[in-house]
Amino acid sequence: MRFGQLPYDAAHLLGGLVLLLSFVLLYQRRLGAVIRVFAAQGAVLAAAAAWQGWVQGEAGLYVTALIALLAKAVLIPLALDRLVRELQLHRTVETAMGVGPSMAAGVGLVGLALLVVLPIRLGLPPGASGGLRAADAIAASAHGALTRESLAIALSVVLLGMLMMITRRNALTQVVGLMSLENGLVLAAIGVAGMPLVLELSTAALVLMAFAVAGIFVFRIRERFDSVDLLHLDSAVPESDLPMLVTAADPAGGAAGAPADIPTGIPTGIPKGGAAGAPGEAR
Amino acid sequence: MSPLVLPVALPWVGAALLALLPRLRHAAAVNCAVSAATLLLALWAAASPYAADGVLHTDALNLPLLLVAAVVGASTSVYSAAYVATLGYDAARVRVYHAAFQGFMGAVMLALLADNLGVTWVAIEAATLASVMIVALPRTAGAIAAAWKLFILCGVGIGLALFGTVVLYLAGQPFTGGGMKGLSWAALRAAAPLADPGVLNLAFVFLLVGYGTKAGLVPLHSWLPDAESEGPTPITAVLSGLLLNAALHAVLRAKAVVGANPGAIPPGTLLLALGLASVLLAALSLSRRRDARRFFAWSSIEHMGLAAFAFGLGGAASLAGLVHMAGHSLLKSAVFFGVGRAAQRKGSQRIDAIGGLVVNHPALGWALAAAIAGLAGLPPFALFASEFALLTDAAARAPLAVAVLALGLVVAFAALVGILQSLCLGTPTPEPAAPTANRAAGGPRTDWATVGPMLLHLLLALGLGVALPEAAGAVLRAGAALAG
């Protein structure tokens, strides 16, 4: 596999599509559209997994593709649609940050992912043969260069998923953000040749379970608060610790959940030098 | 099948059994029996020589934590038997509670025993889901909010950890040969000196932030005070005592791998910085808390920060860190038993509603006072030994950091002594109803199911602090050396 060859180009085309759909998720204003875009992302992910299965000659990846197709492109979107219908949720997406700023932050995050991942060197260091034959070593470093770029795309998808979780106040859109983040993880795992299958399988299975748990929550939250807007949750916690982190300049603490507060307090300051530092700064 | 599988398999078989059990009357007893048998299996594993079997292994680093986990699990099951009886849950909730408890125990055991990044990750995710289910059980608004926060924040954390796992696998792939072996902690550690430092750095940052979330390290700690103050008390005890340790253990394994490469960023520095931030933020937050369980949840953040600081410093301080993890598990779960019981008696877990416990409930009051004193780092308990060793070692090697750390410790100490006085001493606060008439308050049997496990934990923490057998000391030293 080299640059300009079909296996490489197609894998990156599919990875790029997943990333593009992450951006599309960011600017949807209707819940129904969010769910459909998420389903499309799942379908593209399945195609990417199947393609990698063919390129790597790894039969297990077809199973991953099948799981992604069934769960993420069909079952979960159907279930989410049903939730929206049965709970008669507001059909619009409630944002904590406007569409424009979130898109700008998203572009910044992709830039960050590229800056962090592209300088790394995969494969064998020059001079150290590591006991491999020379031909193997060359193949390994060529493959490393390809893997590195799919890793950068996957990291971008992960960071955009986090951004979506931060900038959306509705429980349902947060779950979609989390699952889109997990799509990025699967994308990272399938791009790595020889990654043991157990990981992808369990990722898929656990996403399902996580979704089941989350679904129950959405029901319960609805039952409890007549709304899935997470601001209600924040005020339900008697002594929220969030203001400590978020509003250092606000001595009143905003325990009742000032509208700008992020309900879940997702990364407000991951250590500098960390690849994930931007979501907090982007706010 | 190797004996190492048993401490993991038994709780999971127990979970299935408890989910299907036709007669709920025996559920609590079965729960206790499974936990006790797990403790025996863990003791057996500790008595056998170190073993490695496919994806599971025992070594000096995970054995002490495994034993502590099994002890805390067994005594929590005794406490929870009395606790659940007072809650009046319906059949479905009792089933979910016990099955999720054993599911959680099995997952923590697996996370500690696994010699494989992928398996560790799956185990910690499973433990998270089980704890989410239990935290939501009271079905109050606060409990659901706390469970949601736990689910979302830990979902993100666990996602980042998986990304770190993939990157670490990539870093080692040319040297480990890939496949399942490419995810083994031991194989990765052997390969680390050859791997590219840049890739290792990237992997470590993700693993640290991901598992650091689960270990309650600042800045991703905010799920912890909610989950520990709103869920049922027994799950609070095991969350604080076991899950935080299992997550920190994963961070330590990653640190050992990355630390083996001289070209990579020194992983200790990052851990040290997160630990210091956790201690400071928690110390400053302690005095502002009005809810007793939330107070001690913040104290967990402080202690995990201390342990992270110790491991970040490395060398001799690692031993202090390992003793600190074990001692904190024992004492913190004892404190949660006591506070949970006191809150039942007083009908509220607000700090100002609980007072003068030693007057009306001398056994409970004094046991709680001793446990809080131990948490504050007073002799003769284990945390005194570990904090003393940490401070003396750190003073020589990182005098500036130790000045900041000491400030945090003093503030936290003052807050803990303050809460000891207000909860246990002073004039007793009124109790809502006569214990015999009030089902939610339980009876003397509930008192003993609380005080018994507390005394056991205090005794073990005392032994860890002043009378550690030479063999156990050697294991702890070897474990500290593994953590680096």
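**View 1. Helix α4 of chain B has the length its residue count leads us to expect.** At 1.5 Å a residue, the 23 residues of helix α4 (residues 91-113) of chain B should span 33 Å, and the end C-alpha atoms are indeed 33 Å apart, so the two values agree. Keep in mind while you look that this is a predicted model. Of the 23 residues of α4(B), 18 are buried, so the helix is largely enclosed by the rest of the structure.

**View 2. Ala111(B) belongs to the busy part of the largest nonpolar core.** This core has 272 residues, and those with the most contacts inside it are Leu66(B), Val108(B), Ala111(B) and Ala127(B). Helix α6 (residues 141-176) of chain B gives the most to the core, with 24 residues. Which residues does Ala111(B) touch, leaving out those up to four places away in sequence? They are Thr120(B), Ala123(B), Ile124(B), Ala127(B), Ala246(B) and Ala250(B).

**View 3. Ser329(B) sits in helix α13 (residues 316-346) of chain B.** Is Ser329(B) buried or exposed? A residue is buried if 20 or more other C-beta atoms lie within 10 Å of its own; Ser329(B) has 28 such neighbours, so it counts as buried. Leaving aside residues up to four places away in sequence, Ser329(B) touches Val68(B), Val72(B), Gly241(B), Leu242(B) and Asn245(B). To get your bearings, find Glu230(B) too: Ser329(B) and Glu230(B) are 99 residues apart in sequence and 19 Å apart in space, C-alpha to C-alpha.

**View 4. A UniProt feature covers residues 114-406 of chain B.** The unreviewed UniProt entry labels this stretch "domain: NADH:quinone oxidoreductase/Mrp antiporter transmembrane". Over these residues the chain is 79% helix and 0% strand. The end C-alpha atoms of the stretch are 35 Å apart.

**View 5. Stepping back, chain B comes to 19 helices and two strands.** The radius of gyration of chain B is 21 Å, close to the 23 Å that the globule rule gives for 484 residues, so the chain is as compact as a globular protein of that length. Along its principal axes, the C-alpha trace spans about 70 × 55 × 45 Å. How much of chain B is buried? Buried residues make up 66% of its 484 residues. Among contacts in chain B with a separation of 6 or more, 81% join residues 24 or more positions apart.

Conventions. Residues numbered from 1 in each chain as written. Chains lettered and ligands numbered in written order. Predicted model: local features only at pLDDT ≥ 70, side-chain atom pairs only at ≥ 80, totals over all residues. Helix = DSSP H or I, 4+ residues; strand = E, 2+ residues; numbered from the N terminus. Rg over C-alpha atoms; globule rule 2.2 N^0.38 Å. Buried ≥ 20, exposed ≤ 12 C-beta atoms within 10 Å, placed from the backbone. Contact = placed C-beta atoms within 7 Å. Core = buried A, V, L, I, M, F, W, Y, C linked by C-beta atoms within 7 Å. Expected span 1.5 Å × (residues − 1). UniProt positions renumbered as here; feature names shortened; annotations may be inferred.
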